[in-house]
Each structure stands twice: as C-alpha cells, then as structure tokens.
Amino acid sequence: MMPRRNILALGAALFLLAPALAHAEAEKSKKPPYLSISGLGATIVRWQGGHGVMTVDAGIDVPDPALRDYADLVLPRLKDAYARTLQDYAGNLQPGAVPDADYMARKLQQATDRILGKPGARLLLGGIMVN
C-alpha cells in the first residue's frame, strides 16, 4: 500500500496541474482563425473562341471565434456565393483580358459579409490562374 503522504502528494500535484492541463486542452480545441478555400472555378471564353477555366484560391480570416464557428457552418453557402460571383465576373470578362484581382476581392468580400450577416471576416485572395 502507498503511504498516506504519497497519496496526499499525488493529490496535491494533480490539483496543481489541473489548470495547466485544462488550458492545454482548450488550446488544442481552439480553431485557427483562417479558413482555406481552394479550387473555386469559373468558365471563361478564350480569345480564340474556345473555353477556359479561371481558378481562384482564397481564404477567410475570421478572428472572432463565434463568427468563425458560424463561418464553418455556412461554408457551403460561402463557396456557392463565391462560385456565382466568379462566374458572373468571368462571363463578362473580355477574351484575352487579364482578371482584375482588386475587383474580384471587393465582390467576394461583399459576398462574405452578406452570407455571414455582418462584417468581421476578411477575404484573402491566394492566387488566380487562367487556363
């Protein structure tokens, strides 16, 4: 059997370590504020008359944890809004024209704010590729 003082020492050690363990567990369950959205595509008309694809990689920076959780829930709606916005833009893009990243970022940010219901998330463009 363990001596009584060893049991008390073990209990005191667990009592002192409990807050540190709880903090470590909370840090593990804490989600990063960044949501990555890759592979958003839209059909474009090439200057030769054929069709091509414009692919956009983006992300959303959501520092507010409550809004971040909500963004996770509505991620399919966000992707749909982004796809529609990009398709509208790509459909009006002149053949051979270079995509306007600033304009796309503004329109995608408006879609983000509309779907989330309030500002607080920031859309970040990662890359635009026309193929």
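**Notebook: Thr112, the core, a ring pair and Arg68**

I started at Thr112, which lies in helix α4. I note that the model is predicted.

*Thr112.* I looked up its exposure. Thr112 has a relative accessible area of 0%, so I logged this residue as buried. Next I checked its side chain for polar partners. A polar atom there lies 2.8 Å from the backbone oxygen of Leu108. Then I listed contacts, leaving aside neighbours within four places in sequence. Thr112 is in contact with Ile60, Leu78, Tyr82, Ala121 and Leu123.

*Core.* Three of those names sent me to the largest nonpolar core. This core holds 28 residues. Which of them touch the most other members? I found Met54, Ile60, Leu78, Tyr82, Leu86 and Leu116. I then asked which elements give two or more residues to this core. They are β1 (34-45), β2 (51-61), α2, α3 and α4. Helix α3 gives the most, with seven residues.

*Leu116.* I followed up one of the core residues with the most partners. Leaving aside neighbours within four places in sequence, Leu116 is in contact with Leu67, Tyr70, Ala71, Val74, Leu78 and Ala121. Leu78 and Ala121 were already on my list for Thr112.

*Ring pair.* I searched for aromatic pairs. The count comes to one. The ring centres of Tyr89 and Tyr103 are 5.5 Å apart and the planes stand at 35°, so I recorded the pair as tilted. Stacked would need planes under 30 degrees apart, and edge-to-face over 60. Where do the two rings sit in the chain? Tyr89 is in helix α3 (residues 75-91) and Tyr103 is in helix α4 (residues 101-116). They are 14 residues apart, and the pair links distant parts of the chain.

I also looked up whether each tyrosine is buried or exposed. Tyr89 is buried, with a relative accessible area of 15%. Tyr103 counts as partly exposed, at 32% relative accessibility. The cut-off for buried is under 20%.

*Arg68.* My last stop was helix α2 (residues 65-73), where Arg68 is found. I checked whether this arginine is buried or exposed. Its relative accessibility is 7%, so Arg68 counts as buried. What does its side chain meet? A polar contact of 2.5 Å joins the side chains of Arg68 and Asp72. I then listed its contacts, not counting residues up to four places away in sequence. Arg68 touches Lys31, Pro32, Pro33, Tyr34, Leu35 and Val62.

Methods. Residues are numbered from 1 along each chain as its sequence is written. This is a predicted model: local features need pLDDT of at least 70, side-chain atom pairs count only at pLDDT 80 or more; totals for chains, interfaces and linings use all residues. Side-chain values use heavy atoms; hydrogens and water are left out. Rings of Phe, Tyr and Trp (its six-membered ring) pair if their centres lie within 6.5 Å; planes under 30 degrees apart count as stacked, over 60 as edge-to-face and the rest as tilted. Helices (H or I, at least four residues) and strands (E, at least two) are DSSP runs, numbered from the N terminus. Buried means under 20% relative accessible area, exposed over 50%, partly exposed in between (1.4 Å probe, protein chains only). A polar contact is a pair of N or O atoms within 3.5 Å; within protein, one must be able to donate a hydrogen and the other to accept it, and residues adjacent in sequence count only if both atoms are side-chain atoms. Contact means heavy atoms within 4.5 Å. A nonpolar core is a set of buried Ala, Val, Leu, Ile, Met, Phe, Trp, Tyr and Cys residues joined through side-chain atoms within 4.5 Å.
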